[in-house]
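Visitor: I have a few questions about how the labels on a model are earned. Could you show me one?

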Amino acid sequence: MSSETIIRRPRASDQDVVTDLWSRAVQRAHPFTEGEGQDERARILREVYLVRAENWVAEREGIVAGLLGLLPGGSGDGSGGPAEVGRLFVAPEAQGRGVGRELLEHAAALHGALALEVFEGNGAARGFLAHLGFTERGRRTDEETGHPLIALERAAPLKSVSWLHLRDGRLLSVRTRGNDTFYLPGGKYEPGETAREALSRELREELGLVVPAEDLTEAFVIHDVAHGKNGRRLHMTCFTGGPQDIAPAPGREIAEFAWFDRREARERCAPAHAQVVKRLVAQGRMPG
């Protein structure tokens, strides 16, 4: 499953597929729970959870491969606490291929901070969630099964924008004063700005470039660990567009700029760079 993942709301025609996916995934994840994924639990999933929750499915090659269910309550926007993930299940044959990560990052992009519970006996899920930056906030015993549950939480990702500008197959990068690491040109939003407006402003402040917001086109979104932010996740929207023949003039906190090839970017740039370069190589825009 190397094709692009489509994350969408489930359709009525998905119900049987989603129920089967959940049944097989939950039985694999919770072998210690009697009757899991069957009979009454399956009925409750169809008639309650798939009706009341904010549900999303991940589709690859026309096949539903994952299910995410967000419970009513916390908003994740700072006013009602983190959004509660009630269900996250990936078809056994699709596990380990990024489907669960993409569903969680989709939820984070919509709601910010996330919270969920995982059975202590589900070691695979615990490891997966720890890798994505979730930390323990409490424990309790599940009344229905008697098994211990661990409550996990993750802060809202840092949201930023960046510009993809290539010259002879090399990617433009910038370094701030007092820092040895290079980043993509761009930065954080200011209140009220759209992503394009934020990037247009950042390019003007960082490099003295005039790139109108309407000339920018979204290329893709990168999810990674934010460099130097103690494990905080990063949601970085990358854009192309604007003039190709540029003469950057470092301003504000920018110490220098450079164009890096794949090897140089790996050695000198922030972690998210590696994902950006990988995408650009796959698109044929940078040498492999």
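**Labels and their reasons**

Guide: Gladly; bear in mind that this is a predicted model. Start with helix α3, where Val99, Gly100, Leu103, Leu104, Glu105, Ala107 and Ala108 are buried.

Visitor: What makes the span of helix α3 agree with its 13 residues?

Guide: Helix α3 covers residues 99–111. At 1.5 Å a residue, 18 Å is expected. The end C-alpha atoms are 19 Å apart, so the two values agree. After α3 comes Gly112, with a positive phi near 90°.

Visitor: How do you know that Cys269 has no bond to the sulfur of Cys238?

Guide: A disulfide needs two cysteine sulfur atoms within 2.5 Å. For Cys269, the closest cysteine sulfur is in Cys238, 13 Å away, and therefore too far for a bond. The search of the whole structure finds zero disulfides. Cys238 is in no disulfide either.

Visitor: Why is Cys238 called buried?

Guide: Buried means under 20% relative accessible area. Cys238 has 0% relative accessibility, so the label fits. Cys269 has 12%, so Cys269 counts as buried too.

Visitor: What makes Arg175 count as buried?

Guide: The cut-off is again under 20%. Arg175 has 18% relative accessibility, so Arg175 counts as buried.

Visitor: Where does Arg175 lie, and what is Arg175 in contact with?

Guide: Arg175 lies in strand β10, residues 170–176. Leaving aside neighbours within four places in sequence, its contacts include Asp180, Phe182, Glu253 and Glu256. A polar atom of the Arg175 side chain also lies 3.0 Å from the backbone oxygen of Asn179.

Technical notes
Residues numbered from 1 in each chain as written. Predicted model: local features only at pLDDT ≥ 70, side-chain atom pairs only at ≥ 80, totals over all residues. Heavy atoms only, no water. Buried < 20%, exposed > 50% of the residue type's maximum accessible area, 1.4 Å probe, protein only. Helix = DSSP H or I, 4+ residues; strand = E, 2+ residues; numbered from the N terminus. Expected span 1.5 Å × (residues − 1). Polar contact = N/O pair within 3.5 Å; in protein donor to acceptor, adjacent residues only side chain to side chain. Contact = heavy atoms within 4.5 Å.
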